[in-house]
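Trainee: I would like a close look at a single part of this model. Please take one buried residue and work outward from there to the rest of the fold.

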Amino acid sequence: MSKKWKYNNGDLVRYCRLPLSTTIAPDIGVVTAVDEFGDYRVVWTSGGIGWYTPAELVELCKSET
């Protein structure tokens, strides 16, 4: 059975802070891998790297980049 991932390698994302704050500039990240559990490895522009669940990430639309 094939799994369908929400994000693909190369997708731009930001961390989902709830409630979303419009006063803080979000750090932009790039999805670089997905594991067998559906978590995403993200490389951030700030230099950080980590694994995140789909609920923790929001895809950036082209108007935000």
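**Val 31 and its surroundings**

Mentor: Val 31 is buried, with a relative accessible area of 2%. The cut-off matters here: a residue counts as buried under 20% relative accessible area. The model is predicted, and what follows is computed from its atoms.

Val 31 sits in strand β2. Leaving out residues up to four places away in sequence, Val 31 touches Tyr 7, Asn 8, Asn 9, Gly 10, Asp 11, Val 13, Tyr 40, Arg 41 and Val 42. One of these, Asp 11, is 20 residues away along the chain, yet the C-alpha atoms of Val 31 and Asp 11 are separated by 5.5 Å.

Next, the strands on either side of β2. Strand β1 (residues 12–15) pairs with strand β2 (residues 28–34) in the antiparallel sense, over three bridges. Within that pairing, Val 13 has Gly 29 as its bridge partner in β2. Towards β3, the pairing of β2 is again antiparallel and has five bridges. Here Val 31 itself takes part, with Val 42 as its bridge partner in β3. β2 and β3 form a hairpin with five residues between the strands, where Gly 38 takes a positive phi near 90°.

Strand β3 has two faces: Tyr 40, Val 42 and Trp 44 are on the covered one, Arg 41 and Val 43 on the uncovered one. Val 31 therefore has contacts with residues of both faces, since Tyr 40, Arg 41 and Val 42 are among the residues that Val 31 touches.

β3 continues the sheet to β4, to which four bridges join it in an antiparallel arrangement. Tyr 40 has Tyr 52 as its bridge partner in β4, and Val 43 stands opposite Ile 49. The faces of β4 divide as well, with Gly 50 and Tyr 52 covered and Ile 49 and Trp 51 uncovered. Val 43 and Ile 49, which stand opposite each other, are thus on the uncovered faces of β3 and β4. The hairpin of β3 and β4 has four residues between the strands, and Gly 47 in the turn has a positive phi of about 105°.

Put together, five strands form an open antiparallel sheet in the order β4-β3-β2-β1-β5. Its edge strands are β4 (49–52) and β5 (57–59), each of which pairs on one side only. Direction ignored, neighbouring strands of this sheet are turned by 45° against each other on average. The protein chain has these five strands and zero helices.

Val 31 also belongs to the largest nonpolar core, which has eight residues: Tyr 7, Val 13, Val 31, Tyr 40, Val 42, Trp 44, Tyr 52 and Leu 57. Strand β3 (residues 40–44) gives the most to this core, with three residues. Of the core residues, Tyr 7, Val 13, Tyr 40 and Val 42 are among those that Val 31 touches.

Tyr 7 deserves its own entry. At 2% relative accessibility, Tyr 7 counts as buried. Not counting neighbours within four places in sequence, Tyr 7 is in contact with Val 13, Val 31, Tyr 40, Pro 54, Leu 57, Val 58 and Glu 59. Its partner Tyr 40 is likewise buried, with a relative accessible area of 1%.

The aromatic side chains add a further set of links. The structure holds three aromatic pairs. In one of them, the rings of Tyr 7 and Tyr 40 have centres 5.1 Å apart and planes at 70°, so the pair is edge-to-face. Tyr 7 lies in the segment before β1 and Tyr 40 in strand β3, so this pair ties together parts that are 33 residues apart in sequence. Another is formed by Trp 44 and Tyr 52, whose ring centres are 5.5 Å apart and whose planes are at 90°, so this pair is edge-to-face too. Trp 44 and Tyr 52 are both buried. Ring pairs link Tyr 15, Trp 44 and Tyr 52 into a cluster.

Finally, the chain as a whole. Buried residues make up 25% of the 65 residues. Among contacts with a separation of 6 or more, 39% are between residues 24 or more positions apart. The accessible surface comes to about 4700 Å², and 57% of it belongs to carbon and sulfur atoms.

How values were computed. Residues numbered from 1 in each chain as written. Predicted model: local features only at pLDDT ≥ 70, side-chain atom pairs only at ≥ 80, totals over all residues. Heavy atoms only, no water. Buried < 20%, exposed > 50% of the residue type's maximum accessible area, 1.4 Å probe, protein only. Contact = heavy atoms within 4.5 Å. Areas by Shrake-Rupley, 256 points an atom, 1.4 Å probe, with all protein chains shown as cover. Core = buried A, V, L, I, M, F, W, Y, C linked by side-chain atoms within 4.5 Å. Pairing = 2+ DSSP bridges. Axes fitted to C-alpha atoms, helices over the stretch in contact; angles between N-to-C directions. Phe/Tyr/Trp six-rings, centres within 6.5 Å; stacked < 30°, edge-to-face > 60°.
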